[in-house]
Structure formats: C-alpha cells, structure tokens
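Hi,

Here is the structure I promised to pass along. Have a look at it first, and my notes on the cysteines and one surface patch follow below.

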Amino acid sequence: MDNKDSEAEIHPLKTEDVKAQENHEHYVERRIVKSSGLSRLSRWRTAAFFISLFLCLIIVFAFSFIIPCPERPVSERTWFQYYNKTVPYPFLALADVSEDKVQDVLFAFKSGNSSRFNMSCLDEGLPSPCAFVAAVSGRNGSVLWESPAAEEVQWLQCDIQQLGTAATPGCIVVERPLSLTAVNLNTGELLWRQSRDFGANYTVLTPLSVIPDVDNDGVQDLMIFLTKEGQVKVFIYSGRTGQQVGSTGSLRVDGAARYVRLQLHSSSSYFLFYTEKSVYAYSLKDLCSAVVGVEVKLPSFQLDSHLEKNIDHVTHLLSPLRFEDIRYLTKVPGLSRDNIFVVDSEMAKLISTKDLHTVWTLNVSRVLSEPLLGYYKPDAHGVVLESEIGPNRKKVMIVESESGAVQWELKLNSGAGSPGPATLPTADHRSAFLMWGDFQEPGNETRPRAPLQKLYLFHPSYTNVVLELRNSTDQIIAFTAALFERSRHACYVLLRGPQPGEEPGPVSLMKRKLKEDVAVSRVLWLRRTPGDEEQHIRDRLYRMRFQSRD
C-alpha cells in the first residue's frame with residue numbers, strides 16, 4: 001500500500017493516464033454492447049419491413065391474377081325476340097329480373113301455349129288461348145321465363161317490391177272480369193290469384209297504388225279503384241295473400257273519374273280524383289280508414305295543412321278549382337312539393353298545391369298524349385306536350401314548368417296510333433328527347449300521303465337540329481326508353497305486332513342501343529347556323545353520356 005502511494009506521489013500524471021485508460025475501456029465495452037443490441041433491433045426491423053412488403057406483393061398478385069375480379073355483364077347492343085301466331089298487349093315494363101344489375105323487359109301476349117317452355121294455359125286452369133307474361137333478358141334477349149297468367153289482360157304492373165308470403169318483388173296482372181294475379185318477378189311463379197265479379201261497365205283506374213301494410217302481416221298492401229256510374233269504389237288487397245282487407249269504400253264523383261297520387265312532402269300522400277269538370281282530394285289515411293271501418297294509424301303520416309284548407313270535407317271537392325273539360329291531370333315536382341298540371345280542351349295550366357292559385361297558363365288545344373317530364377335546362381323540369389294542329393299533323397312542345405314559357409317546338413306529320421314521346425336523363429343534368437312522327441323539311445313538302453313512323457332525337461345542346469334515328473313500317477304496339485344499367489347503356493324498346501282484338505300474327509320485341517342509331521343517323525336542320533357540320537354534331541351526340549336520377 002505504501003509503495004502504491006509512493007508511486008502515485010512520484011508519477012501523478014501516469015496514475016491519471018491509467019485511470020483514463022480504464023474509463024475509456026469501460027466506455028468502449030458499453031458502446032460495443034449497446035451497438036450490438038441496436039444492430040440486432042435494426043436487423044429485426046429490416047426483416048419485418050421486407051416480410052410485410054412480400055405479403056403485400058403476394059396479395060396484389062393474388063387479386064390481380066389468381067382471384068378473378070367480378071365481371072360487369074356485357075350487354076348486346078341490339079337484340080330481337082320473335083313470336084308467331086300471338087297477339088301482344090300494349091304494356092312494357094322494365095325491372096331487374098335476373099338480378100345482374102341490368103334492366104330486363106316484361107310484356108304480355110295472348111297465345112295457346114308457351115313458345116319457349118313446356119307449359120300451356122291448361123296448366124294454370126285457364127282456357128286456351130290465354131294471356132302469358134314473359135320476361136326477356138335486357139342483356140342478350142334470351143327468354144328468362146313465361147307464365148300463363150290470365151284470360152285477358154287489362155293492366156300489367158311490375159314495380160311492386162313486396163308480394164306473397166316471402167315478400168318478394170313481383171308483378172300484378174289485372175284481367176276482366178276483375179281478377180288479380182300476383183307473379184314472382186324473378187321466376188314467373190304464381191304467388192296468388194283472387195277473383196271478384198263487379199258486373200259490366202266498370203273501369204279499373206291505373207296504376208295500382210302500393211300502400212303501407214294496413215293488415216299488419218309484414219307485407220305492403222295494394223289499393224285499387226274502380227269507377228262506374230259516378231262512383232269510385234275503393235278496395236284494399238293484402239300484398240301477402242291477395243285477400244280483401246276490410247270492406248268496400250265508395251266515393252261520389254260527377255262523372256267518369258281518373259286519379260293521380262300526390263306526394264306533398266315526405267309523410268303526406270294524397271289522391272286526386274278528377275272528372276271533366278271537378279277535382280276531388282282524399283288523404284291516404286282517409287281512404288284506408290273508410291275501407292277498414294276504423295281509424296287507421298299510418299306510421300309517420302301527416303295531413304297537409306295547406307291542401308286541407310281548400311278541401312270541402314263534405315264533398316271532398318277542391319272548391320277553388322273549376323274546369324270545363326279536363327283531358328289530363330298530372331303532377332309536376334316543385335321546389336318542396338308536387339304541383340298540379342292540368343290540360344283541358346283549350347289550355348294548360350300549372351296550379352300550386354300550397355294555395356291552389358294558378359302559376360301560369362298556356363294556350364294549347366287537342367293534346368294527344370299524357371304530358372311527359374324532362375329537363376330542357378339543367379335540373380329544371382320541363383313538360384313535353386304533343387298537340388294536334390291539323391289532319392295528321394301535330395306539334396311537339398317543351399314547356400318550362402316554372403314559367404310556362406315554350407322553350408322548343410317541332411311540327412311533325414303524325415298518323416293515328418303513333419307512340420308517345422320518351423326522355424332519357426343525360427350527364428349534363430338535362431334530357432335527350434325521343435319523339436315519333438314524320439318531319440318535312442321546309443321547301444320539301446310533297447303531296448299528302450300517309451305519314452311514316454320515324455323516331456327522332458333532340459338534345460338541348462343543339463336547338464336547331466334533330467336526328468332521324470330509324471323508320472318503322474310495322475305496327476308499333478308499345479314503346480319505351482330507359483337506361484338499362486346505372487348511368488349507362490341508354491336504349492329503347494319496341495314491341496310490334498297485331499293490335500289486341502286482331503287475328504294472331506308475328507310479333508317482335510326489340511331492344512336497341514341509342515348510340516347505334518345516332519352513329520348512322522340523318523341530321524335534319526331546323527335552321528342552319530355557320531360552322532356546324534353534320535358529322536361533328538353526330539359525333540358529339542354519339543359521345544353524349546347519361547346519368548341515372550334516383
């Protein structure tokens with residue numbers, strides 16, 4: 001011990017150097033240990049990163065090449081379906097029967113047996129020939145099902161979402177004498193049939209109305225109106241079984257009646273019955289209570305205070321409204337509620353349902369078809385009117401619903417039985433308008449002849465042009481146009497053949513994609529403007545996109 005102390009006194013710096021060297025060695029050892037731990041952690045992180053990357057690549061590879069992506073159905077641009085020795089009925093309905101997100105076509109025809117399936121009228125206890133309902137694939141035109149449904153069809157409606165014990169989508173077939181037949185939309189299977197004889201000279205008011213579940217069986221019900229000799233009879237039928245619910249309601253009117261259903265706001269539903277001179281208003285709750293016999297409580301239903309103030313609650317007349325000869329009454333959506341559009345023998349007028357004042361009037365006479373809604377301006381409703389202006393002559397007008405101003409018009413030759421117009425919603429928030437007739441260019445008038453049936457396309461982006469899409473020499477029984485897929489595949493459908501009551505003959509059902517006709521269409525100038533070229537117009541309308549409106 002004394003030697004060490006002496007050594008430290010003799011060589012003090014050497015002692016310090018030794019201590020410093022010892023401290024440095026300990027520090028280096030600690031750094032080595034720490035660095036070794038960090039190195040191992042870093043290797044684990046690197047390994048985890050590459051493993052995650054490898055798993056991501058495997059997943060991407062699997063979804064890209066191994067697991068097939070869901071394929072969107074490829075729809076044929078044009079298809080035909082032919083029938084022999086049949087008579088079609090003037091009804092066309094569109095619905096997704098095959099659940100492939102493509103609209104399918106439903107129609108009815110009279111025949112002795114099914115031309116595609118091994119079934120006959122006798123299979124359902126019906127005399128032969130009878131009425132079949134058929135569903136045809138909108139994608140390729142194949143027949144999905146055919147079902148014998150009635151002796152004679154008065155009406156076919158396929159927008160009913162709940163029918164039968166399984167509450168499946170379905171169609172209702174109305175026949176005379178009154179019989180209701182419910183058919184499964186997806187299979188054509190008969191769900192139920194109910195018959196009742198009301199005698200002669202009655203008229204079923206269409207469309208049938210789907211109402212909330214009144215009999216509490218978990219399925220929506222149907223409200224049906226029959227008019228006869230100044231009366232409207234009201235019936236409710238169970239959507240589940242077809243049995244009548246309650247008794248029969250009776251409404252007094254002053255003539256042959258028709259009706260329209262108004263949705264004044266989300267929880268207020270009213271029915272307007274109109275004759276030549278009068279309009280009657282009933283709430284859904286009033287009609288249900290009259291049929292069932294006790295007050296019916298409908299979930300979230302509310303009376304409309306504005307309309308109720310103008311209803312005479314003894315006669316149910318909308319007292320401020322007086323007309324001479326009502327031809328058509330329809331609803332036109334407003335900013336917050338439906339308004340009433342009335343066409344009589346001399347004029348058309350828009351009436352506010354808030355206070356029943358006339359918003360505007362338009363002189364128009366001899367209107368030929370039900371007013372149709374479309375969009376001439378973006379998101380602004382317009383009304384399409386077809387009026388007779390002479391023998392075999394008509395005028396097509398697009399009228400702005402807010403002001404009554406005529407936005408566009410076209411005069412056409414037109415024969416009896418010419419199909420009504422149709423509209424398709426476009427991506428620019430307007431509409432493409434389809435109309436039938438025979439346009440004669442100025443200066444090219446010829447001697448009078450039977451008008452041809454030609455289909456024309458008009459879009460508001462070219463107010464001076466219409467496209468002639470196709471000619472049809474066959475007798476057209478029914479015509480409609482729709483988007484067969486959401487926001488795409490704009491098509492029209494033609495049903496051609498003998499009229500009901502004529503001898504059976506060949507029948508054809510055709511779906512045609514609109515763009516196929518636009519590409520080869522004929523450009524007709526209503527007035528020439530500098531710089532417009534026919535092919536440029538054709539190309540632009542061919543590229544026109546469509547957008548579904550919910």
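Let me start with Cys491: its relative accessibility is 0%, so this residue counts as buried. Please keep in mind that this is a predicted model. Cys56, by contrast, counts as partly exposed, because its relative accessibility of 46% falls between the 20% limit for buried and the 50% limit for exposed.

Now to the disulfides. Searching the whole structure turns up 2 of them, and they follow the pattern 1-2, 3-4 when bonded cysteines are counted along the chain.

One disulfide is formed by Cys121 and Cys130, with the sulfur atoms 2.1 Å apart. The torsion about this S-S bond is about -95°, so the link between Cys121 and Cys130 is left-handed. Both Cys121 and Cys130 are buried.

Another disulfide joins Cys158 to Cys171, with an S to S distance of 2.1 Å. This link of Cys158 and Cys171 is right-handed, with 110° about the S-S bond. The pair connects distant parts of the chain: Cys158 sits in strand β6 (residues 153–163) and Cys171 in strand β7 (residues 168–175), 13 residues apart. Cys158 counts as buried at 8% relative accessibility, and Cys171 is buried too, at 0%.

Finally, the surface patch. Phe49, Phe50, Leu53 and Leu57 make a nonpolar patch of about 430 Å². Of these residues, Leu53 is found in helix α2 (residues 12–66), and Leu53 is partly exposed, with a relative accessible area of 38%.

Happy viewing, and best wishes!

Terms used
Residues are numbered from 1 along each chain as its sequence is written. This is a predicted model: local features need pLDDT of at least 70, side-chain atom pairs count only at pLDDT 80 or more; totals for chains, interfaces and linings use all residues. Side-chain values use heavy atoms; hydrogens and water are left out. Patches are made of residues with over 30% relative accessible area and no salt bridge: like charges are joined within 9 Å, nonpolar side chains (Val, Leu, Ile, Met, Phe, Trp, Tyr) within 5 Å. Accessible areas come from the Shrake-Rupley method with a 1.4 Å probe; for residues, only the protein chains shown count as cover. A salt bridge is a side-chain nitrogen of Lys or Arg within 4 Å of a carboxyl oxygen of Asp or Glu. Helices (H or I, at least four residues) and strands (E, at least two) are DSSP runs, numbered from the N terminus. Buried means under 20% relative accessible area, exposed over 50%, partly exposed in between (1.4 Å probe, protein chains only). A disulfide is a pair of cysteine sulfur atoms within 2.5 Å.
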